[in-house]
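Colleague: I should be grateful for a close look at a single part of this model, namely its charged side chains.

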Amino acid sequence: MIDVHSHIIPKIDDGSSSFEESYEMFGKAVEAGFTDIIATSHYIEEYYETDSIKRHAVVEAMNKVIKEKGLVLKLHTGSEIYITPNIVKLIKEKKASTLADSRYVLFELPMNSVVNYLSDVIFEIKANGLIPVIAHPERYSYVQKEPNLVVELVKNGVLFQANFASISGYYGGKAKKTLIKLLKANAIHFLGSDSHNSKKYENISEDIKKIEKIIPHSKLEELTLINPKNILENKEINIEEVKPIKRLF
């Protein structure tokens, strides 16, 4: 599998707190079945601002250690960008990074408030030849209330990455129920660990068992290997037709 969302680089956001913790995460990731990890450290303007050049250097150094330790694992540079009207500018100025130097841009939204300029950001990302990927939609309260918001964005060319742990209730019951709806609607295109330490990697196998009760194994493979591999190879993914989500009254 390929992990498209992980906070595994130490000391630059709220993820790994040390190189030792990162190395522990490497081992747990390999045990969970990952061969590649995109290190998507937070980029939040005026808060977490480690630039792309520095992240590349750290990832390169860590890959050398991984090789020395004999692990079958490769790290790739990325960012989880907190939404701002400046996303494309940040990428062009080599402050924030795309996923594995591809056209794919991972960004997150506020947890509890709708962004009124979201459509403008999506338009600019696409207009610059980039592909928008929104992180963990199942966690947003407004998506939990109306999951068809995601369905409509998929129709507009937006891709979505969900967290493995959501299926086990890690983020609460509403996130779990929302993820199930989104999976059934073909509205999720990638699964990621969103690991900030080793614990989520330790639970991946149990999360997968639960996800396979909702979608077929072929679909799971698409979300964990085929689509993420297309990111690494900078290829477009095959987007299945998204289904409207019926509201229950």
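Modeller: Lys 181 lies in helix α7; helices here are DSSP runs of H or I with at least four residues, and strands are runs of E with at least two, numbered from the N terminus. Lys 181 is partly exposed, at a relative accessible area of 37%, where buried means under 20%, exposed over 50% and partly exposed in between (1.4 Å probe, protein chains only). The model is predicted: local features need pLDDT of at least 70, side-chain atom pairs count only at pLDDT 80 or more, and totals for chains, interfaces and linings use all residues. Residues are numbered from 1 along each chain as its sequence is written, and side-chain values use heavy atoms, with hydrogens and water left out.

Lys 181 joins Lys 145, Lys 174 and Lys 177 in a positive surface patch, a group of residues with over 30% relative accessible area and no salt bridge, like charges being joined within 9 Å. Helix α7, residues 173-184, gives the most to this patch, with three residues.

The structure also holds 10 salt bridges, each a side-chain nitrogen of Lys or Arg within 4 Å of a carboxyl oxygen of Asp or Glu. Lys 219 takes part in one with Glu 240, the closest N and O atoms being 3.0 Å apart. This pair links distant parts of the chain, 21 residues apart: Lys 219 is in helix α10 and Glu 240 in the segment after α10. Lys 219 is buried, at 8%, whereas Glu 240 is partly exposed, at 31%. Glu 222 forms a salt bridge with Lys 219 as well, with closest N and O atoms 3.1 Å apart.

How values were computed
Patches are made of residues with over 30% relative accessible area and no salt bridge: like charges are joined within 9 Å, nonpolar side chains (Val, Leu, Ile, Met, Phe, Trp, Tyr) within 5 Å. Accessible areas come from the Shrake-Rupley method with a 1.4 Å probe; for residues, only the protein chains shown count as cover. Lys and Arg count as positive and Asp and Glu as negative; His and the chain ends are not counted. The place of a charge is taken as NZ of Lys, CZ of Arg, CG of Asp or CD of Glu.
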